[in-house]
Amino acid sequence: MDTLLVFNIYLFYGLVFFTIGCVIAFRNLRLSQLAIASALPALAAFGFIHAFHEWSELYIQLMEPYKPMLWYSEMKLARVVKLWVSFLALAWFAWKMLVVTGIARKPWSLASLALAQGVFVLHLVASYPMMPLDDFLRLAATLIRWIFGLGASLVAGLAMIYYARQQYQQRRLAGHYFGYCGVALIAYGFAAGLLSTSAGLWVPMLRTLCAAAILITLYQALKIFDREREDQIENQQRQLLLGEKMRAMGELASGIAHEIKTPLSYATLGVDLLEKQLPEQPQHQRQLGRIRKGLDRATYIAQEVLHFARPSAQPYQPVAIDSVIRSTLELMGHRLKTFTVHRNLAPQLYVVGDPVKLEEVLINLIGNAIDASTQEQRLEIHSEAVGDRAIIRIRDHGGGIADDQQSACLRPFHTTKTNGTGLGLAISQQIIQQHQGELTLHNWLYGLCVTINLPRSLP
C-alpha cells in the first residue's frame, strides 16, 4: 500500500511540474510586449528539469530495497545533480524577474547570488574528502534545497508579487494572479527547502499541493498574454482602418502639396526679380516682404503636409530615453534660456525605436510647451518605468487646454496657434503609434501634461 501511494504521489508530483513547463513552452511569447515574457522560459526550464528529478526520486524510492544493484550510487549522484540544475534554473528565473522589476540594478542583488553560489561550492569541496558518498550526497541535497530551493523560490516569489503590483497599477486583468503564483512559489520553497521527506509522506504531498497551486495560478496569470494578443489584434484592426483613411487623405494632400510647391517656387523667383528691378522705396519693399512672408508660409505648410503624408521608416534599435531627452534639451537650449526645466529621468530606461523620430516628437512637444508658457516659464520632464512600459511626461505651466479640445488637437490641421499648421501633434502621434505606443493629453494643476507611453525594452 505504501509503495502504491509513493508511486502515485511522485508520479503526480513530477507531472505537475512537467505541466508547468508545458503551459509556458506551448504559449507564443515572441510577440508579447510584457517584460515578464523574457523571464518565463527560465521557469519552464525549471518545471521540466524538476519534473524529471522527481521521477528520478520515484525510481530511487522504488529501488530502495535493491541498493546493491548496479549503477545505484551513480543514479543517486545524478539525482542530486538534476536537483541542483533544476534549482539553478529557478535561480535564473529569479534573476530575470529582478531584471524585469528593476531590482537587479541594486548592486547587492548580484553580489548575494554570487556569495550563495560560492559558499555552496566551497562547503562541498571541503566536505567531500571527509564523508562517505551517501552522506556527502545527502549533505549536498540538503544544501541545494536550503540555498537554491528556498533562496531562489523566495526571491522569485517576492519579485512576482512586486510585478503583480506593477500590473495592478496599470489595471491589467489577470495580473494579480502573478502575485498568487509568487505566494505559491514561496510556499513551495519552504516545503522543498526546510522540510525533509524523512518526516513522512505528508511532506511530498504538501510539496505536490504547493506545485499544483503554482500551476493553477500560473495558468490563470498567463491569460494576460491572451488578452494582450486580443488587444494587439483589435489595435491592428483600428490602425488598419485609420491607416486606410489617413492613406487616402495623405495621397490627396501629398498630390495637392506637390502641385502647389511648383507655382510657389515660380512666385518666390518672381519676388526675387521684382526686388532687383523695383526702386528701393520703403512701400515697395514692405509689400514685397509681405508677399515673401506669405510664400514662405505656404511653402512651409506644403512641406509639413508632405512630411505627414509620407513618413520615412528607419530600422529600429535600442534607445535610451534619458539620452534622447538630454539631446533634445541641448538642441532647444536657445529657446529654453529663460525657462526653468525640472528633470526627473529614470536611468537605464530603454525602448526599441528610431532615436531621430523620437527626438522629433520631443522637439514638437517641448516647442508647444514653450509656446504655451506665456505666464510662468517653467517646464517639467519626467521619465519612469511602470511595469513593462516606459512613460514620458512633459508638463508646462501654460494654463492647459479645454477638455473638449484635447482630442481635437491630435487631429491633422487642427491648431490653436495663430501661425500653426495643425500637423505637429498629428505627426508626433503618428510616430508614437509607429513605435506601438500611445500619446495622450490631459490637464494638470498648472497647465497641460503630454504623456508618451511606449513598450519598454531591457538593455
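Which residues have the most contacts inside the largest nonpolar core? This is a predicted model, in which local features need pLDDT of at least 70 and side-chain atom pairs count only at pLDDT 80 or more, while totals for chains, interfaces and linings use all residues. Residues are numbered from 1 along each chain as its sequence is written, and side-chain values use heavy atoms, with hydrogens and water left out.

The confidence of the prediction comes before the details. The average pLDDT, which is the predictor's confidence in each residue on a scale from 0 to 100, is 79 for the chain, and 78% of the residues score at least 70. Among the elements of the chain, which are DSSP runs (helices, H or I, of at least four residues; strands, E, of at least two) numbered from the N terminus, helix H7 (residues 202-221) has the highest mean pLDDT, 92, and helix H4 (residues 107-127) the lowest, 65. Where pLDDT is low, the predicted coordinates should not be read in detail.

The opening question can now be taken up. The largest nonpolar core (a set of buried Ala, Val, Leu, Ile, Met, Phe, Trp, Tyr and Cys residues joined through side-chain atoms within 4.5 Å, where buried means under 20% relative accessible area, exposed over 50% and partly exposed in between, with a 1.4 Å probe and protein chains only) has 60 residues, and those with the most contacts inside it are Leu40, Phe87, Phe93, Tyr188 and Phe225. Helices H1 (2-25), H2 (40-62), H3 (72-101), H5, H6, H7 and H8 (223-277) each supply at least two residues of this core, and H5 gives the most, with twelve. Leaving aside neighbours within four places in sequence, Phe225 is in contact (heavy atoms within 4.5 Å) with Arg27, Leu29, Ser32, Leu34, Ile36, Ala37 and Leu40. A second, separate core of 36 residues includes Val361, Ile366, Ile427 and Ile452.

Helix H5 also has a part in the surface. Trp146, Leu154, Leu158, Ile161, Val183, Phe190 and Leu194 form a nonpolar patch there, with about 640 Å² of accessible area together. Helix H5 (133-169) and helix H6 (176-194) each supply at least two residues of the patch, and H5 gives the most, with four. Trp146 lies in helix H5 and is partly exposed, at a relative accessible area of 47%.

Two loop residues deserve a look at the backbone. Gln348, in the loop between strand S2 (340-345) and strand S3 (350-353), has a phi near 55°, a positive value in a residue other than glycine, and counts as partly exposed at 41% relative accessibility. Gln436, in the loop between helix H13 (424-434) and strand S6 (438-443), has a positive phi near 60°.

Notes. Patches are made of residues with over 30% relative accessible area and no salt bridge: like charges are joined within 9 Å, nonpolar side chains (Val, Leu, Ile, Met, Phe, Trp, Tyr) within 5 Å. Accessible areas come from the Shrake-Rupley method with a 1.4 Å probe; for residues, only the protein chains shown count as cover. A salt bridge is a side-chain nitrogen of Lys or Arg within 4 Å of a carboxyl oxygen of Asp or Glu.
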